[in-house]
Amino acid sequence: MARAGLNAERLARAGAELADEVGFDQVTVSALAKRFDVKVASLYSHVRNSRDLRTRIALLSLEEMADRAADALAGRSGKDALIALANVYRDYAREHPGRYAAAQFRLDPETAANSAGVQHARMTRALLRGYQLSEPDETHAVRLLGSVFHGYVSLELGGSFSHSAPGTDETWTRVLDSLDAMLRSWPAPGADPDSGADDRTADPDRPN
């Protein structure tokens with residue numbers, strides 16, 4: 001790769017490519033210097049250290065996924081929006097496993113507050129408004145979706161589901177169907193799942 005024109009943005013993009021090739025945890029300033037065939041010291045005028053480099057890759061990855069998600073969610077609501085958002089994360093992870101791992105990198109509070117991670121949260125909350133959830137249930141649901149989407153995708157990337165039937169695509173579809181059903185019947189705080197049956201028993205004039 002050419003040495004001329006190095007800057008922080010170019011290094012972040014090169015680092016993202018390297019992450020997809022060898023894994024995000026292997027991306028360092030030293031590894032990137034070898035990729036550009038330059039001395040490590042020459043990169044320190046653009047990035048402070050390996051953490052700074054990884055932070056920039058994380059920000060790039062969050063922005064790329066947010067752009068995809070915004071396009072996918074346009075004009076969709078309810079279950080269609082749920083499926084669209086979930087598939088953005090899964091497809092991005094399959095295409096860019098290193099970048100996807102970078103998006104999970106822990107950022108300091110100020111950096112996180114100014115990142116595209118905020119946009120991800122807003123899009124998820126907009127999706128959930130179609131299920132008519134109010135706070136604090138909306139926040140609970142945001143955390144649930146994040147846990148399921150990223151947990152499933154991470155396990156799938158690690159090969160956890162590759163040795164048994166049915167296939168992971170079928171399971172993914174069932175997972176999203178189940179999430180949609182759960183969001184549509186989100187329980188009230190402290191609700192007794194058997195209360196409906198108890199009420200029918202208590203009222204002899206209520207039809208079965």
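Helices and strands are taken here as DSSP runs, numbered from the N terminus, with at least four residues for a helix and at least two for a strand. The structure discussed is a predicted model.

By that assignment, residues 28-47 are 40% helix and 0% strand, and the C-alpha atoms at the two ends of this segment are 11 Å apart. An unreviewed UniProt entry annotates the same stretch, residues 28-47, as "DNA-binding region". Shortly after helix 2 (29-36) comes the loop that leads to helix 3, and D37 is placed in this loop. The backbone of D37 deserves attention: its phi is positive, about 55°, although the residue is not a glycine. In general, most residues other than glycine have a negative phi. D37 has a relative accessible area of 67%, and it is classed as exposed because that value is over 50%.

Helix 3 spans residues 50-73, and A69 is one of its residues. Is A69 buried or exposed? Its relative accessibility is 0%, so A69 counts as buried, the cut-off being under 20%. Leaving aside residues up to four places away in sequence, A69 touches L85, V88 and M123. Two of these contacts, L85 and V88, are themselves buried residues of helix 4. The C-alpha atom of A69 is also separated by 9.7 Å from that of T124, a residue 55 places away along the chain.

Helix 4 covers residues 78-95, and its 18 residues should span 26 Å at 1.5 Å a residue; the end C-alpha atoms are 26 Å apart, which agrees with that expectation. The buried positions of helix 4 include G78, A81, L82, A84 and A86, together with Y89, R90 and Y92. Against which elements do the buried residues of helix 4 pack? Their partners are helix 3, helix 5 (97-103), helix 7, helix 8 and helix 9 (168-184).

Helix 8 can be examined in the same manner. Its 21 residues reach 30 Å from the first C-alpha to the last, close to the 30 Å expected at 1.5 Å a residue. Among its buried residues are the acidic side chains D137, E138 and E156, as well as V142, L145, F149 and Y152. The buried residues of helix 8 pack against helix 4, helix 5, helix 7 and helix 9. Just after helix 8, G159 adopts a positive phi of about 85°.

The loops on either side of helix 8 each contain a cis peptide bond. In the loop between helix 7 and helix 8 lies P136, which is joined to E135 by a cis peptide bond with omega of about 5°. The loop between helix 8 and helix 9 holds P166, and here the cis peptide bond is between A165 and P166, with omega of about 0°. For context, most peptide bonds are trans. The loop between helix 7 and helix 8 also contains Q132, whose phi is near 55°, a positive value in a residue other than glycine. Q132 is exposed, with a relative accessible area of 74%.

The empty space in the model may now be considered. Rolling a probe the size of a water molecule over the atoms shows where such space is left. The largest pocket has a volume of about 460 Å³. Of the 21 residues that line this pocket, L62, G117, H120, A121 and H150 are the closest to its centre. Helix 3, helix 7 (117-129) and helix 8 (137-157) are the elements that each give two or more residues to the lining. Which of them gives the largest share? Helix 8 does, with six residues. By class, this lining is made up of 12 nonpolar, seven polar and two charged residues.

The second largest pocket holds about 170 Å³ of space. Its lining consists of R48, N49, R51, D52, T55, R56, L59, L107, D108 and T111. Here helix 3 supplies the largest share, five residues. The lining of this second largest pocket divides into two nonpolar, three polar and five charged residues. Helix 3 thus takes part in the lining of the largest pocket and in that of the second largest pocket.

Notes. Residues numbered from 1 in each chain as written. Predicted model: local features only at pLDDT ≥ 70, side-chain atom pairs only at ≥ 80, totals over all residues. Heavy atoms only, no water. UniProt positions renumbered as here; feature names shortened; annotations may be inferred. 1 Å grid on protein atoms, 1.4 Å probe; cavity = no way out; pocket = protein on both sides within 12 Å on 5 of 7 lines; lining within 4 Å. Points joined across faces, edges and corners; volume = space filled by probe spheres on them. Nonpolar A, V, L, I, M, F, W, Y, C, P; charged D, E, K, R; others polar. Expected span 1.5 Å × (residues − 1). Buried < 20%, exposed > 50% of the residue type's maximum accessible area, 1.4 Å probe, protein only. Contact = heavy atoms within 4.5 Å.
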